[in-house]
Amino acid sequence: MPFPLYLLALAVFAMGTSEFMLAGLLPDLAGDLGVPVGTAALLTPAFAVGMAAGAPLMAVLVRGRSGRAGLLAFVLAFAAAHVLGAVTSGFPVLFATRVVAALANAGFLALALTTAAALVPADRKGRALAVLLSGTTVAMVAGVPGGALLGALFGWRAAFWAVALLCLPAAAGVLLSVPARPARRDAPARPVLRAELARLARPRLLLVMLLGALVNAATFAGLTFLAPVVTGPAGLGELWVPVALVLFGAGSFAGVTVAGRLSDRRPGPVVAYGGPLLLAGWPALALLAERPAALLALVFAQGALSFALGSTLITRVLYEAAGAPTLAGSYATAALNVGAAGGPVVAAATLGAGGTALGPLWASALLVLVALVIAWPARGVLRGA
């Protein structure tokens, strides 16, 4: 894999850390800014919605400009938003910085996906995507617990400063190593914007975007409410929550790495075998939640299966959107973040009306089931046909 891909993954690591770290910072943040924890929690869906809506918008804005210039601008905007967030004393300003950071993250990821696809041969998009998404999975393994530790030791603002500092080497790497306009020799002339947007009318593209969103929704439905399962039915202390999150992150890294080697040439078996296993895993996690050893093992397995299946489906988005070279990454980013925003909402609904901490796990199973039911009649698309 080209070295610039790993520098892009470093930026994705910083951005992924920012997206997920708030779960461990909300109580301190809410107390410092004088707002209820429920109000502070709005920062998380605001970020995901900004990512989903901002990906196509940002991709259109930077369309026709060099990949390096656009990536650098997004990284610096993301860093600046965190600097402002770290020094503000008002929740509305912090909320605004999260929206700006989400837009910058969306633009960066959309452009990075397109850039990554252009840096490698046409049949290695899955490998390139795996390298990029490894930044997200490493953020879950190391960045999120690290942010929570910084917050516990020095306050939530320290975590924001750390994310801003992480962006600086990523920005330097983009400036020095990413080609100004990466392109393959076999790349056709860039189509007009209307033609790229028209790709969204293709049923095959819409199908894989929907499936990717559903699987990612299932992932975040279970992951967002994993802590209450660990401290509730499992009967473990709060110190086990970061352990469970690290296990999920480690599993996701393993899953996306293995799937990256299969999703280009053999995506069908990943979906055919990984889908049913993922579907079975969420109910198993709910039924065995009172057994800590089984719970922790299943958390690792679900992380691996969720990201293996999810990354394979997002790779199919890039293939099906091949006729939209400058917007394909934004379509993939939008699918990812529609799921990230919608999954926790669906899961939260299971907690009301006498629901238990296990409700989100059953919601994840339901979302995967819906995805598999939709996917079954269109198996040919998922085989890469």
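Student: In which helix is the place of Ala 52?

Tutor: Ala 52 sits in helix H4, residues 43-61. Keep in mind that this is a predicted model.

Student: Is Ala 52 buried or exposed?

Tutor: Read relative accessibility against the cut-off: buried means under 20%. Ala 52 has 15%, so it counts as buried.

Student: Which residues does Ala 52 touch, not counting residues up to four places away in sequence?

Tutor: Leave out the sequence neighbours, and what remains shows the packing partners. For Ala 52 these are Ala 334, Asn 337 and Val 338. A C-alpha distance adds to the picture. Ala 52 and Thr 333 are 281 residues apart in sequence, with 6.7 Å between their C-alpha atoms.

Student: How do I set one residue against the whole protein?

Tutor: Start with the fold content. The protein has 17 helices and zero strands. Then take burial: 55% of the 385 residues are buried. For surface, about 15300 Å² is exposed, and carbon and sulfur atoms supply 72% of that area.

Student: What share of the contacts with a separation of 6 or more comes from residues 24 or more positions apart?

Tutor: The share is 85%. Ala 52 and Thr 333, 281 residues apart, give one example of distance in sequence with 6.7 Å between C-alpha atoms.

Student: Where is Phe 74 found?

Tutor: Phe 74 belongs to helix H5, which covers residues 67-87. Its relative accessible area is 8%, so Phe 74 is buried. Now look along the chain to Asn 105, 31 residues away from Phe 74. Their C-alpha atoms are separated by 6.9 Å.

Student: Which residues is Thr 97 in contact with, leaving aside its neighbours within four places in sequence?

Tutor: Thr 97 contacts Ala 81, Leu 84 and Gly 85. Thr 97 itself is placed in helix H6, residues 91-119. At 5% relative accessibility, Thr 97 is buried.

Student: What lies 2.6 Å from a polar atom of the Thr 97 side chain?

Tutor: Check the backbone as well as the side chains when you look for polar partners. Here the partner is the backbone oxygen of Leu 94, 2.6 Å from a polar side-chain atom of Thr 97.

Student: What is the relative accessible area of Ser 252?

Tutor: The value is 0%, so Ser 252 is buried. Ser 252 is part of helix H12, residues 240-260. Leaving aside neighbours within four places, Ser 252 is in contact with Thr 137, Met 140, Gly 303, Ala 304 and Phe 307.

Student: Which helix holds Ala 371?

Tutor: Ala 371 is in helix H16, residues 359-375. With 4% relative accessibility, Ala 371 is buried. Beyond residues up to four places away, Ala 371 touches Leu 211, Leu 214 and Val 215. Compare a C-alpha reading: Ala 371 and Leu 207 lie 9.9 Å apart in space and 164 residues apart in sequence.

Student: Does Thr 39 count as buried, partly exposed or exposed?

Tutor: Use the middle band here: partly exposed lies between buried, under 20%, and exposed, over 50%. Thr 39 has 28% relative accessibility, so it counts as partly exposed. Its place is in helix H3, residues 37-40. Thr 39 and Leu 26 are 13 residues apart along the chain, and their C-alpha atoms are separated by 9.6 Å.

Student: How many cavities of 30 Å³ or more are there?

Tutor: The count is three. The largest cavity holds about 300 Å³ of space. Its lining has 23 residues, and the closest to its centre are Leu 133, Thr 136, Asn 216, Phe 220 and Leu 336.

Student: Which elements give two or more residues to the lining of the largest cavity?

Tutor: Read the lining by element, then by residue type. The elements are helix H1 (3-21), H6, helix H7 (125-154), helix H10 (203-224), helix H14 (292-320) and helix H15 (328-349). H6 is also the helix where Thr 97 has its place.

Student: How do the residues of that lining of the largest cavity divide?

Tutor: Twelve are nonpolar, ten are polar and one is charged.

How values were computed
Residues numbered from 1 in each chain as written. Predicted model: local features only at pLDDT ≥ 70, side-chain atom pairs only at ≥ 80, totals over all residues. Heavy atoms only, no water. Helix = DSSP H or I, 4+ residues; strand = E, 2+ residues; numbered from the N terminus. Buried < 20%, exposed > 50% of the residue type's maximum accessible area, 1.4 Å probe, protein only. Polar contact = N/O pair within 3.5 Å; in protein donor to acceptor, adjacent residues only side chain to side chain. Contact = heavy atoms within 4.5 Å. 1 Å grid on protein atoms, 1.4 Å probe; cavity = no way out; pocket = protein on both sides within 12 Å on 5 of 7 lines; lining within 4 Å. Points joined across faces, edges and corners; volume = space filled by probe spheres on them. Nonpolar A, V, L, I, M, F, W, Y, C, P; charged D, E, K, R; others polar. Areas by Shrake-Rupley, 256 points an atom, 1.4 Å probe, with all protein chains shown as cover.
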